[in-house]
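Biologist: Before I rely on any descriptive term for this chain, I would like to hear what stands behind it. Could you take me through the reasoning, term by term?

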Amino acid sequence: MFPPQDAHADVGPRVVDLSADDGAAVDALSSETARAILDRLRESPATVATLAEVTDTSPQNVHYHLDNLQAADVVTSVDAVDDESGCETAVYAPAGDPLVIVSGDADRDELERVLERALSAVAAFAVVGVVAQRVLAPAPTFVGGEHLGGYGGSAPPVGAAIFTVGLLAAVAYAFVRVRQLER
């Protein structure tokens with residue numbers, strides 16, 4: 001029904017510099033309500049009515065913040081569904097690409113490259129982890145309908161270990177490179 005959350009995964013992170021002229025995303029996210037709406041949408045797509053309920057505000061206020069978030073390309077309408085009264089209503093979701101807000105003299109292009117490399121490394125380690133788990137873990141064994149072991153059995157979680165090491169390495173790489181850019 002809804003597009004996958006990673007529909008724009010190939011775009012890479014969007015870096016917004018607080019000192020740049022394009023402050024639409026920063027302006028849109030300056031409200032606590034707008035941030036609560038975005039946090040809720042990161043969980044799953046939602047309608048205005050759902051967002052009004054979970055943020056304890058009026059549908060008109062949610063519409064106002066969604067208009068600002070859409071203008072800043074932070075959220076987008078992904079579908080339309082019929083509400084309780086039979087009227088068609090929009091379903092919203094995050095625009096897809098990660099949003100990173102920076103301030104100071106950081107080199108924006110270099111920061112984007114660092115984040116893209118880190119995200120690519122995490123994705124690569126995830127794939128390697130899944131492949132390793134399938135190759136190194138024994139296949140499921142069933143005798144007379146009874147599960148005797150295999151995937152998810154007593155085999156060590158090789159894939160999870162590989163992914164965790166990759167995730168930690170990517171975070172460490174990004175942290176060190178960002179600290180270098182701050183100097």
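Modeller: What follows sets each term against its cut-off, and the model is a predicted one.

Biologist: Let us begin with the chain as a whole: what elements does the chain have, and in what order do they run from the N terminus on?

Modeller: The chain has six helices and seven strands, and from the N terminus on they run β-α-α-β-α-α-β-β-β-α-β-β-α. Of its 183 residues, 31% are buried, and among the contacts with a separation of 6 or more, 60% join residues 24 or more positions apart.

Biologist: Why is His65 called buried?

Modeller: His65 has a relative accessible area of 8%, and because buried means under 20%, His65 counts as buried. His65 is found in helix H4, residues 59–71, and, leaving aside its neighbours within four places in sequence, His65 is in contact with Ser31, Thr33, Ala34 and Ile37.

Biologist: His63 is placed in helix H4 too; what makes His63 partly exposed?

Modeller: The relative accessibility of His63 is 38%, and the class of partly exposed lies between the 20% limit for buried and the 50% limit for exposed, so His63 counts as partly exposed. In space, His63 is 9.1 Å from Ala52, C-alpha to C-alpha, while the two are 11 residues apart in sequence.

Biologist: How do you know that H3 and H4 are roughly perpendicular to each other?

Modeller: Their axes cross at roughly 105° and come within 9 Å; since angles of 65 to 115 degrees count as roughly perpendicular, H3 and H4 are therefore given that description. Where they meet, H3 contributes Val48, Leu51, Ala52 and Thr55, and H4 contributes Pro59, Val62, His63 and Leu66. By class, this contact of H3 with H4 has six nonpolar, two polar and no charged residues.

Biologist: What makes the buried residues of H3 line one face of the helix?

Modeller: The buried residues of H3 are Val48, Leu51, Ala52 and Thr55. Seen down the axis of H3, these buried residues fall within an arc of 100°, so they line one face of the helix. As a general point, an α-helix has 3.6 residues a turn, so residues three or four places apart point the same way. The cover over the buried residues of H3 includes H2, strand E2 (46–47), H4 and strand E4 (88–94). Just after H3, Asp56 takes a positive phi of about 55°.

Biologist: Which values describe the packing of H2 and H3, and which hand does the crossing have?

Modeller: Helix H2 (residues 32–43) and helix H3 (residues 48–55) pack at an angle of about 115°, with their axes 10 Å apart, and H2 passes H3 in a right-handed crossing. The residues that meet are Ala36, Ile37, Arg40 and Leu41 in H2 and Thr50, Leu51, Val54 and Thr55 in H3. By class, the contact of H2 with H3 has five nonpolar, two polar and one charged residues.

Biologist: Lastly, why does Ala172 count as partly exposed?

Modeller: Ala172 has a relative accessibility of 41%, and because exposed means over 50% and buried under 20%, Ala172 counts as partly exposed. Ala172 has its place in helix H6, residues 158–182. Ala172 and Ala118 are 54 residues apart in sequence and 9.0 Å apart in space, C-alpha to C-alpha.

Definitions and conventions: Residues are numbered from 1 along each chain as its sequence is written. This is a predicted model: local features need pLDDT of at least 70, side-chain atom pairs count only at pLDDT 80 or more; totals for chains, interfaces and linings use all residues. Side-chain values use heavy atoms; hydrogens and water are left out. Helices (H or I, at least four residues) and strands (E, at least two) are DSSP runs, numbered from the N terminus. Buried means under 20% relative accessible area, exposed over 50%, partly exposed in between (1.4 Å probe, protein chains only). Contact means heavy atoms within 4.5 Å. Axes are lines fitted to C-alpha atoms, for helices over the stretch in contact, and angles run from 0 to 180 degrees between N-to-C directions. A crossing is left-handed if the near helix is turned anticlockwise from the far one by less than a right angle, and right-handed if clockwise. Ala, Val, Leu, Ile, Met, Phe, Trp, Tyr, Cys and Pro count as nonpolar, Asp, Glu, Lys and Arg as charged, and the others, Gly among them, as polar. Angles under 35 degrees count as roughly parallel, over 145 as roughly antiparallel, 65 to 115 as roughly perpendicular and the rest as oblique. The arc is that of the directions from the helix axis to the C-beta atoms.
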